[in-house]
Amino acid sequence: MKLNSLLLMSRLVKKSPSVCTDLPLSSSDVCNKLHLMKEFLRSSYGPTARLKQVHNNIGGSVVTSSTSSVLLQAIASSQPIISLIRSSILNHVSRFSDCGLFAAVFCLCLLEQAGQCGLRKNVMIKVNKHLLALCTGYLQQEDCGCKVKLDFCSSQSLITLARSVISSKPTCVLTEPESDHISRVAVQAFLLTVPCNIPDTVRLGRTVTITIEGHSVLKSAVFPGLLLSMPENLCFDSLCSPLHVVLFSISLAGDLSEIGDGRIEMHQGVDVDSQILDQLLELGKQVLKDGVKLFLCQKVIHPVLQHYLRCNGVIVIERLGVSLMEPLIQLTGAQPVATLHATIPSTVYGKVHNVCIRQFGSKTMLHLHPAGETAICSMILCHRNETMLNELKLVCQTTELVLRLTLREPFALLGGGCTETHLAAYVRHKSKNEMSESTSVLGCSQTEYLLAAEAFCHSLELVATSLEHDGGTSLIDLTHAHHWTLPSDVTEEHLEGVMAPCGCGVVESCQNKTRSYLDTKYAGFSPAPLLTASPLQATVLDSFTAKVNALGVAVETANLVLDVRYVIQDVN
Amino acid sequence: MLESVIINSRQHVGLQKVSALAGRFRSSIGPIKNYKFIQDEVSGESVLVCSCFRIIENLEPTCAVGQLVYETVQAHHKGYRSGSGCLLFLAGAWSRTALDCLQRGIAVTHIIKAMSEGIDICLDVCKKSSVLFKDIAGMHKRTATPQDLGLQLSEEAITNASKEAANVHDKCLNMSGQRRVKLSRHFCEAKSEMLSSALLPDLLELPDVAVLAESLSHGCEDAMKLAVEAVQMLSKMNQQDISDPSFDISKVQTCVLPGLPEDCACVVEGCVFLLSDEQARVAHRIKQQPLKVALVTGDLSQTYRHLGFKSLSGVGVCEHLDLSASSKEDEWLEKVVNRLLNLKVNLILTAGLASQKVIQHCCRHHILVVEKVNSSVLRIIASSTGAVPVSYATQLAEPCVGNGINVEIWRDLSSYERESSTAVNISNGRNGGLVTAVITSCIHGKLQALEDQFWACAYRLHHALKDRALLPGAGGTEVLCVHQLQKQAEYHRVEDSKTGSAANLYRGLVLQLMADGLIDYISAVMVSTGRFSAAEARTIVSKQLQDFHKDEIITGKFLQLILESRREDAVFSAGKPDEALTVKIYDNLSVKQEAWRKALDLVFLVLQTDAEIITGTGQRTEENLMRL
């Protein structure tokens, strides 16, 4: 096309001017889209969430999920505001893995509330910032009422934390014993990745996940060491321990793919392929001479080299993939070899204690037992079908990260919406008490301040309300400010009789407490911490680190969006 | 782009779609299947299909729910090769159950909880009513003399089963929970029985495969006959321990030969390949003598490179270019043939392709080249002949060559097909070999269905031998489940009225609706036998169920009714009424459990879904779409 226009006539295509939208948040189109996104993500939040199917409508595979990373990746919008929120939340998820939907829903609620209360945007921004600081300050306090200290002497609280993450995704379709089992497996895997002998710098190990479709969830298990997919008909004699290992990160396919692009000149009659193959076989000879018994390669190995090595009693595994390289290096202590033109120094060899074959359903795996202390383990995850298995894998990876975060900050927040209602009550009370100081610092009127604080608190409560999807109503008790759900099919008279414990399970229903509907106004009060002799036994716990960060991300993203004056789009 | 369909919870579109899709299979479930044509309106091509799996495969659903249904059925088919119809039907029926519950305003979480309880009841009934092999063997022994006794015995077994099933509930009420009611020999702990039979291999406790096959054939007698032949041939070849029969499906192959009449179908040792005239001449020369064999996993050509090899694009050769590609190929060919001759290899099997030139060249040296050999066949031949598969023919060396394989001319097909071809049979007749079922038909379009039927039967036998137990067939298990579900529903209703608790509020109703789904399934199967109208079938089922509740002893009658109808079908097909009379119908335990479980999992996923995200830029003009 370009050539054409040059030869025949010069054609100038006029560039269309950029489109500038003034005050995007007051456009009804943007508001509608934000509302749609909020409803969409809200309905995917929590253990009784509604799922979403992601597909391309031309017969591609269908992904069913309610995980923020999957959903946010799938929704792409032409509206820059939506894209801004999306990428901000995705960035949080990529770092903390958990609380993505919390951040998204909270952020969108804040924006909607801000629009409804009709205050000046700069006041909203200032008050939001102030209240965020109030929240994070409270959460960091020793006597914070919605925080529990994790007890590493027993695995119970870790298991509870893991189970809360795992059971928050209904796509996994887990029964009670199944989620208990998976939680235990996840905690066990986490514990195996914590090294026992701590040198100067602590380095956590890795969990490698292997999925097997068509088996019961209860067959999921953890193994110390690594499980590698085996090539067909591999047989080996008993090998004496320890086994020397060599690990290649370059392709041993016998091609010249690693030398990069460009034109190569060569003399006629030169057979490059056979020369490289000779080189490979030379390599094989050296490796054999050095007593290597396990020959691993990230990429392809030339079949002739494989054949040669196998004939000499070496176990050869190719196409390991880049994700297994790091765990393999940690497990074996081998240095990955990236050349085939130099002799291999003996220092790059690693070793494993032993290998054995394990059969999981249709998959045959080679189990590498570490030679010494290691923090590498393999987790076998089983489920009945692919959809559930994929979600289970995602949720287990999230759990792993959440458990790791507890090492940094050994706390958890009360789950089931209790943290949100508690924080809302705290902020409401605090902002009223310290109104005069705050307003003078922030430079706004008291009415403005109260309205903005109410928007903030109501947004927090809306997140707690979002946990309910079957028409139930949310309540708050006026003592501890925990979150309660009243099922839609229970009448007021039966209320006391049927009411289960609060969302996180800490407060029992039998205690005589006044409750208020979350959507009605209640008199401000300072939420009382629970005073019990024993540590709190919550049934639902959320990740402290992830949630605190999510809170910050949500408020800052909302503030950023509120601050947008113009949207300029290049439409060319 | 986000386009989401917000589904009105009272009229769940996804569930309606599953139900509608499943409705298309209503006439295709059960043992008697009619062929269907599926025509592509665009290309005008049509296919003849018979099984539910092939129908959904050819329908190519594009909507998200349809795709999900297809993926589920595909996963089931991969492992079981039968039961897809049952899965589809129940997914539809239970979708309607869920829809019904939604319409009555029951919350999704309650529906899921109650339906999970329902499937647990059903799977428990399956476990408890499964008939162990030794009982089947026992029954068969007794049937050998008076012919009617067999049926009575089986009825007795089933009646006992229902008695026990009814007792499960009573046991729940029994506060002590310690007293074990043991009415029947079928209801001891299944585990311990299997263990004991494994420890004390008693030949009397194992039924003949032919007997099993008869009760599992479900209307595919011819295909089942082939499957039985395959089992027997494999166990003879591999000198299997008779006390531990199993059926290794991986050692069975099928070979489809169009043109021959259907009664030519048979099972042969080894594998069968079609050869061209030229290859056939070599085969004639080397037949009936032990041969040396080489196995190649790649293509037989000079230009072939293994998977993962990247050829260089920017290679230039300086100096003059006189060595053309063809002479390079000749050089390679020379080298390969010389190597084969040195190794005295007469037969070369390749998983890839071989160029015409290679085949011709080899033929000249009396080396038979067979291409496109299944890689699992290569593996089995490798392990039985001691050959080592290599990627390149140039890699071949003495240790890679296998011994003792035979080529026989199986049949000259020149008279049936326009192109003359010969089928040869390659086998080594030793331990660890494989068998091939040759499937034939004069009608080309039927071959796929016949092959599917064979695999369905083979997998049924495989799973039966693996499970070591069978389920009462012909709707028997379903009736027991319906009974148990209804009983539990009644129990919940009574509990509700007593306590008025919300926990049990809907469970009774959901269980009742689930049972209705199963009743629908039973009557649909009865209708598809062609002997009942829909109304008749429903009346019979509900009447019998009423009687069943009143007096559990006469359950046998209901089963008998279905059994009779099936027997009359058998009369039509087999033509020997005496023989047909003794046939009892059984179902596979694991196949049924898995199909039910998968159907309900599918319903759960769809039930919980309220929106779909359509990615990509495809233009769609549907009504309830929202764009982000």
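Strand E2 of chain A pairs with strand E16 of chain B, residues 609-614, in the parallel sense, and five bridges join the two. Please keep in mind throughout that this is a predicted model. Which residues face one another along this pairing? Lys52(A) stands opposite Ala611(B), and Val54(A) stands opposite Ile613(B). For those who are new to the subject, strands of a sheet pair through backbone hydrogen bonds, either parallel or antiparallel.

The pairing belongs to an open sheet of three strands, in the order E3(A)-E2(A)-E16(B), with mixed pairing. At the edges are strand E3 of chain A, residues 63-65, and E16 of chain B, each of which pairs on one side only. From one strand to the next, the twist averages 25°. What lies across this sheet? Helix H3 of chain B, residues 64-80, lies across E2 and E3 of chain A together with E16 of chain B, and runs at about 90° to E2(A).

Let me remain with Lys52(A) for a moment. Besides standing opposite Ala611(B), Lys52(A) forms a salt bridge with Asp610(B), in which the closest N and O atoms are 2.6 Å apart. As a general point, side chains of opposite charge can pair when their charged atoms come close. How many salt bridges does the rule find across the interface of chain A and chain B? The number is two. The rule also finds 14 residue pairs in polar contact across the interface of chain A and chain B, with both residues at pLDDT 80 or more.

Which elements of chain A give two or more residues to the side that touches chain B? They are helix H2 (28-42), strand E2 (51-55), helix H3 (68-74), strand E9 (264-266), helix H10 (303-311) and helix H12. The largest share, five residues, comes from E2(A). By class, this side of chain A has 23 nonpolar, 23 polar and 13 charged residues. In total, the contact takes 59 residues from chain A and 56 residues from chain B. The two chains bury about 5200 Å² between them, and 58% of that area is on carbon and sulfur atoms.

I turn now to a second sheet, within chain A. Its three strands form an open sheet in the order E5-E14-E6, and the pairing is mixed. Why do E5 and E6 each have one side without a neighbour in the sheet? Strand E5 (206-213) and strand E6 (221-224) of chain A stand at the edges and each has a single partner strand, so one side of each is left without a neighbour. The twist in this sheet averages 20° from one strand to the next.

Within the sheet, E5(A) and strand E14 of chain A, residues 376-383, run parallel and share eight bridges. Thr209(A), for example, has Met379(A) in E14(A) as its bridge partner. Two helices of chain A pack on this sheet, and I shall take them in turn. Helix H11, residues 325-332, touches E5 and E14, and its direction makes about 125° with that of E5(A). Helix H12, residues 386-408, also touches E5 and E14, and its direction makes about 145° with that of E14(A). H12 of chain A is also one of the elements listed earlier for the side that touches chain B.

Next come the antiparallel pairings. In chain A, strand E8 (residues 243-248) and strand E12 (residues 350-360) are antiparallel, with three bridges, and His244(A) stands opposite Lys351(A) in E12(A). E12(A) is also joined by eight bridges to strand E13 of chain A, residues 363-370, again antiparallel. Here Arg358(A) has Met365(A) as its bridge partner. E12(A) and E13(A) form a hairpin with two residues between them, and Gly361(A) in the turn has a positive phi of about 55°.

Chain B offers a hairpin too, formed by E1(B) and E2(B) with six residues between them; Gly44(B) in its turn has a positive phi of about 80°. Strand E1 (residues 36-39) and strand E2 (residues 46-49) of chain B pair antiparallel over four bridges, and Lys36(B) has Val49(B) as its bridge partner.

Finally, I return to salt bridges, which number 33 over all chains by this rule. One of them joins Arg565(A) to Asp22(A), with the closest N and O atoms 2.3 Å apart. Where in the chain do these two residues lie? Arg565(A) is in the loop between helix H17 (544-562) and strand E20 (566-569), whereas Asp22(A) is in strand E1 (residues 19-22) of chain A, so that the pair links distant parts of the chain, 543 residues apart.

How values were computed
Residues are numbered from 1 along each chain as its sequence is written. Chains are lettered from A and ligands numbered from 1 in the order in which they are written. This is a predicted model: local features need pLDDT of at least 70, side-chain atom pairs count only at pLDDT 80 or more; totals for chains, interfaces and linings use all residues. Side-chain values use heavy atoms; hydrogens and water are left out. Two strands pair if DSSP finds at least two bridges between them. Axes are lines fitted to C-alpha atoms, for helices over the stretch in contact, and angles run from 0 to 180 degrees between N-to-C directions. Contact means heavy atoms within 4.5 Å. Buried area is the accessible area (1.4 Å probe) that two parts lose on being put together, summed over both. A salt bridge is a side-chain nitrogen of Lys or Arg within 4 Å of a carboxyl oxygen of Asp or Glu. A polar contact is a pair of N or O atoms within 3.5 Å; within protein, one must be able to donate a hydrogen and the other to accept it, and residues adjacent in sequence count only if both atoms are side-chain atoms. Ala, Val, Leu, Ile, Met, Phe, Trp, Tyr, Cys and Pro count as nonpolar, Asp, Glu, Lys and Arg as charged, and the others, Gly among them, as polar.
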